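Hi everyone, thanks for making time this morning. Let me put the structure up, and then we can walk through a few spots together.

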Amino acid sequence: TIIADYREQFLTACNLSGACPEVLRAANRMAVIAAAGELAILFDILPWEQGAAIAGVRTCFNSWRESRGGDNVGHDDARAIEQVRLFIERYGDSRFESASISLSSNERVTDRAGWRRRAANDGTEYLVQPEFFRSEMCKGFDPAAVARALLSRGYLRRQGRHWTVRTTIPGAGKRELYCILDSVLSEASE
C-alpha cells in the first residue's frame, strides 16, 4: 500500500542498522507520522512538495536520537531507575516517615510519599504509596515498566505476582506499598 511505501521510505532514510529496540520503536512511530504527512501532500491538503513530510519528521527524529546519546544504548530503564533514585535521595528523609517512630514523635512529614524502615539486612526499605509511585516517582514512564526494571536489578521487593508488599504501618494500618530497597542508591556509582 501507499502508506507502507511512505513508511519504508522514512525508515530507509533513517539508517537504523544497529539501533537498539527503543530507537526502532520510536522510528516506527515517527514513520506513521511521516506517512500521514506525505498522504496529506498527495491529496493537496498540505501545500508542500513530495518528500517534505518525510524530511521534516526525519529532522525531528534525528534530533531526538542525538539528544538521547545515539542509537546503541537502551536508556528507558536506566533513566527510570535514575529518577526513582533521585526521588529517594531528595526526599528520603522529608517525605518518608519512619515506620518505627511512635505517633508522639516530633518527626514532621509533609506530603508523605511513604514510609521508611530498617530491612533485615540492616539496610533501609522505602515503602511507597502506589499513587505517589505512579504520579511522582514514575512521572513520564510506565509504572509497570519501572517496577520491572527495579525488580530486574534487585531494587524492588514484592510479594507474589504483585509489584507491592502488604504490610502494617503503625498508626496507618495495613497497606499495599511498593518496597524499594536502599541498594537503588548505589545505582549512580555503577
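Let's begin with I3, which sits in helix 1, the stretch covering residues 2-14. One thing to keep in mind as we go: this is a predicted model. Is I3 buried, exposed or partly exposed? With a relative accessibility of 41%, I3 falls into the partly exposed class, because that class lies between 20% and 50%. I3 also belongs to a nonpolar patch on the surface, where I2, L42, F43 and I45 join it. Together those residues make up about 490 Å².

Now over to helix 2, which runs through residues 21-42 and holds E38. I like this glutamate. E38 is buried, yet no salt bridge goes with it. So where is the nearest side chain of opposite charge? That would be R58, and R58 is 11 Å away from E38, so it is beyond the 4 Å limit for a salt bridge.

What does the E38 side chain reach, then? Have a look at I54: its backbone nitrogen is 3.0 Å from the side chain of E38. I54 also turns up among the contacts of E38, once we leave aside neighbours within four places in sequence. The others on that list are Y6 and the run Q50, G51, A52 and A53.

Last stop, still in helix 2: A36. This alanine is partly exposed, at 46% relative accessible area. If you pick its C-alpha atom and that of Q83, you'll find 34 Å between them, with the two residues 47 apart along the chain.

That's my tour, and I'm happy to take questions.

Key:
Residues are numbered from 1 along each chain as its sequence is written. This is a predicted model: local features need pLDDT of at least 70, side-chain atom pairs count only at pLDDT 80 or more; totals for chains, interfaces and linings use all residues. Side-chain values use heavy atoms; hydrogens and water are left out. Helices (H or I, at least four residues) and strands (E, at least two) are DSSP runs, numbered from the N terminus. Buried means under 20% relative accessible area, exposed over 50%, partly exposed in between (1.4 Å probe, protein chains only). Lys and Arg count as positive and Asp and Glu as negative; His and the chain ends are not counted. A polar contact is a pair of N or O atoms within 3.5 Å; within protein, one must be able to donate a hydrogen and the other to accept it, and residues adjacent in sequence count only if both atoms are side-chain atoms. Contact means heavy atoms within 4.5 Å. Patches are made of residues with over 30% relative accessible area and no salt bridge: like charges are joined within 9 Å, nonpolar side chains (Val, Leu, Ile, Met, Phe, Trp, Tyr) within 5 Å. Accessible areas come from the Shrake-Rupley method with a 1.4 Å probe; for residues, only the protein chains shown count as cover.
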